[in-house]
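Biologist: I am new to this structure and would love a close look at a single part of it. Could you walk me through the place where the ligand sits?

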Amino acid sequence: MRASLPAVRNLGILAHVDAGKTTITERILYVTGTTYKRGEVHAGTTVTDFDPQERARGITIFAAAVSCDWDGYRINLIDTPGHVDFSGEVERSLRVLDGAVAVFDAVAGVEPQSEAVWRQADRHGVPRIAFVNKLDRAGADLDTAVASIRRRLHPVPLVVQLPIGRESDFTGVVDLLRMRALTWPDGCPAVREGPVSDELVDEARRRRRQLEEAVAELHPGALEEFCAQGTVSARTLSGALRDVTRSGDGLVVLCGSAYKNRGIEPLLDAVTAYLPSPLDVPPVRGIQDGVARERPADPAAPFAALVFKVAATATGRLAYLRVYSGTVRKGTVVWDASAGRTERIARLLRVQADRHSEVDVAVAGDIVAVTGPKAARVGTTLCDPGDPLVLEPPTAADPVVSVAVETRRSADTGRLAAALASLTEEDPSLVVRSDPETGQTVLSGLGELHLEVAVEKIRRAWNLEVAAGRPEVAYRETVVRGVTGLMYRHVKQDGGAGQFAHVVLDVEPADGGFLFRSAVVGGRVPREYIRAVEAGCRDALAEGPLGGHPVTGLRVTLTDGATHQKDSSEMAFRTAGRLGLREALRASEMRLLEPVAEVAVTVAEDAVGAVLGDLAARRGHVVDSAVRAGTANVTATVPLAELFGYASRLRSRTQGRGVFTARPAGYALAPEAGAGD
Ligand code: GDP
């Protein structure tokens, strides 16, 4: 059977760690009849967090795709990790989603990580609705949470529910569109609907009015009705909320308690009513024979899909696909546009976390897992062999922290290499290399926790005894004062064909990565050799003169050169470019760059002095600090190298009450050797 397109929602749940994503996912699966038993995070029995490490740590690390059905719609749910060290996964998930539910904690409001994920979603233009969770907690308040959302994230909040009861007495919500009370009495698994009680009816009417006014300000249709009739009907409101959600002009806000299973059905109704279907989002872009192309979300168009996750599971090697156009069937031969080979789709699976049901066909807009394609990696395009196309791959963040890993038994070296290869395939933000000087195997990733989890996975999934060294940050090198007119002559004459290339280079500091230009006049160096010099310079950037770190932030100008009639070749000029730039960098004044993170710390007011002192000792620069209601929020930029172990230090300084998040904030000049000692 074919799922008709508008009836699909590809949905992500975005939130700060602990806001309740995993619990909400569980409840959605329960309410939609996808699972029959409710899982609890603290009991370690949830469906999406099926990796044993996730259960042990109680956090969602590896995004899992889950399908469920609600009211005639298929909802493909991508669970996204909230920890900043795994923002590579978030980025990859955002790429394939059409809409998201942003979850907030009704006590904490907007937390630093929810802000970071919100900005990521902004960048990808993902339409969102908000769910304020944990309304059952002591201190929970919908209005305060909404004020915090407005203040920190600047949307226009459109609150469509009024909570019934506070804190532990929170039992349901008034649906302000239909003006009906939805309650979830204790011990009753399903929602009950009834009239709004007398004591709430005035407040409900007041809030409905506020909602009508706010929507009328954003939507011409609603405004017209409001002016003509003095009210806006539920139907008009619903259509307008849909439009402003998709345009990003307003943010629909719902509330509930996932833990107590209250508020999930209306959340699902809002997902299907307001968030876009795959048809509502712009056609996907790709490249065909060097020309940019668009593909519509049409089952009849040529097939094109993007692999956004690869996972080794008990079912075999699964590639998770977002189908952007066309139709794919079990047994079809497709083209792997990235590896340049044909592959057969052996099985098509609809995924329910760690369980799968086999299907025969998937169409544009769908998210499925497939077995068969052997070379497919994250970012691979699979497409119609007769109409090949390469879709834009998701961007991967640069790894900034490394650890040396080794097995305790040398007999296990081969298996370690296999384990690392499989890890990097599943998570492209992990990189493995061999240190040329020490011969050690070095694993690099986005942060300390990212690497800890990776190493732990090797231990458990591969049953290998591995030792990891101390984490180290990935330095870079940059030019602070360059050189002009550096001459390099590459000549080799040992019988046979010789090699001859002569180049003259200027090197100067520049913003950004690496810029290259030629100022050669009179054709003294032919164009193809200039390109070879540029390629050679790029080769030289891999290792800088200070410590063999990658070099960035420079402009190289080829000012002159000479060729030899017989002995010049592209290879000779590439070698001259590489060795010439290497020499030029040795002659330049170079400085180390170190990765820095933006750290947001939240502590009780009385601990703020200790936290500021500690940040200063870690070479941190405070960019913002504010105290409100006894709680201090401090934002600082801190070199990543100084952040190792910060989580446990903060816990001990604040008796466990301080929280912090860190996100990569690029590179900054490292202190000069000897300075500050
Ligand atoms: P995630 O990190 O965002 O996936 O959050 P989890 O779903 O793991 O929830 C974090 C913690 O908050 C767990 O201990 C949950 O049991 C708890 N939790 C989740 N939802 C609620 C809620 O609605 N009310 C209360 N009181 N606790 C909740």
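To begin with, how many nonpolar, polar and charged residues does the shell around the ligand have?

Modeller: Happy to help, and please keep in mind that this is a predicted model. By class, the shell around the ligand holds 5 nonpolar, 7 polar and 5 charged residues. There are 17 residues around the ligand, and those that come nearest are D18, K21, T22, T23 and D136. If you would like an element to orient yourself by, look for helix α1, which spans residues 21-31. This helix gives the shell its largest share, 3 residues.

Now let us go in to the atoms, following the chain from G20 onward. A polar backbone atom of G20 is 2.9 Å from an oxygen atom of the ligand. At K21 the backbone takes part as well, with an N or O atom lying 2.8 Å from a ligand oxygen. For T22 it is the side chain that you should look at: one of its polar atoms lies 2.4 Å from an oxygen atom of the ligand. As for the ligand as a whole, it exposes 580 Å² when taken alone, and the protein buries 86% of that.

Finally, let us step back to see the setting of this site. The chain has 677 residues, of which 52% are buried, and it contains 15 helices and 39 strands. Among contacts in the chain with a separation of 6 or more, 71% come from residues 24 or more positions apart. The chain exposes about 29,900 Å², with carbon and sulfur atoms supplying 49% of it.

Terms used. Residues are numbered from 1 along each chain as its sequence is written. This is a predicted model: local features need pLDDT of at least 70, side-chain atom pairs count only at pLDDT 80 or more; totals for chains, interfaces and linings use all residues. Side-chain values use heavy atoms; hydrogens and water are left out. A residue is near a molecule or strand if one of its heavy atoms lies within 4 Å of it. A polar contact is a pair of N or O atoms within 3.5 Å; within protein, one must be able to donate a hydrogen and the other to accept it, and residues adjacent in sequence count only if both atoms are side-chain atoms. Accessible areas come from the Shrake-Rupley method with a 1.4 Å probe; for residues, only the protein chains shown count as cover. Helices (H or I, at least four residues) and strands (E, at least two) are DSSP runs, numbered from the N terminus. Ala, Val, Leu, Ile, Met, Phe, Trp, Tyr, Cys and Pro count as nonpolar, Asp, Glu, Lys and Arg as charged, and the others, Gly among them, as polar. Buried means under 20% relative accessible area, exposed over 50%, partly exposed in between (1.4 Å probe, protein chains only). Contact means heavy atoms within 4.5 Å.
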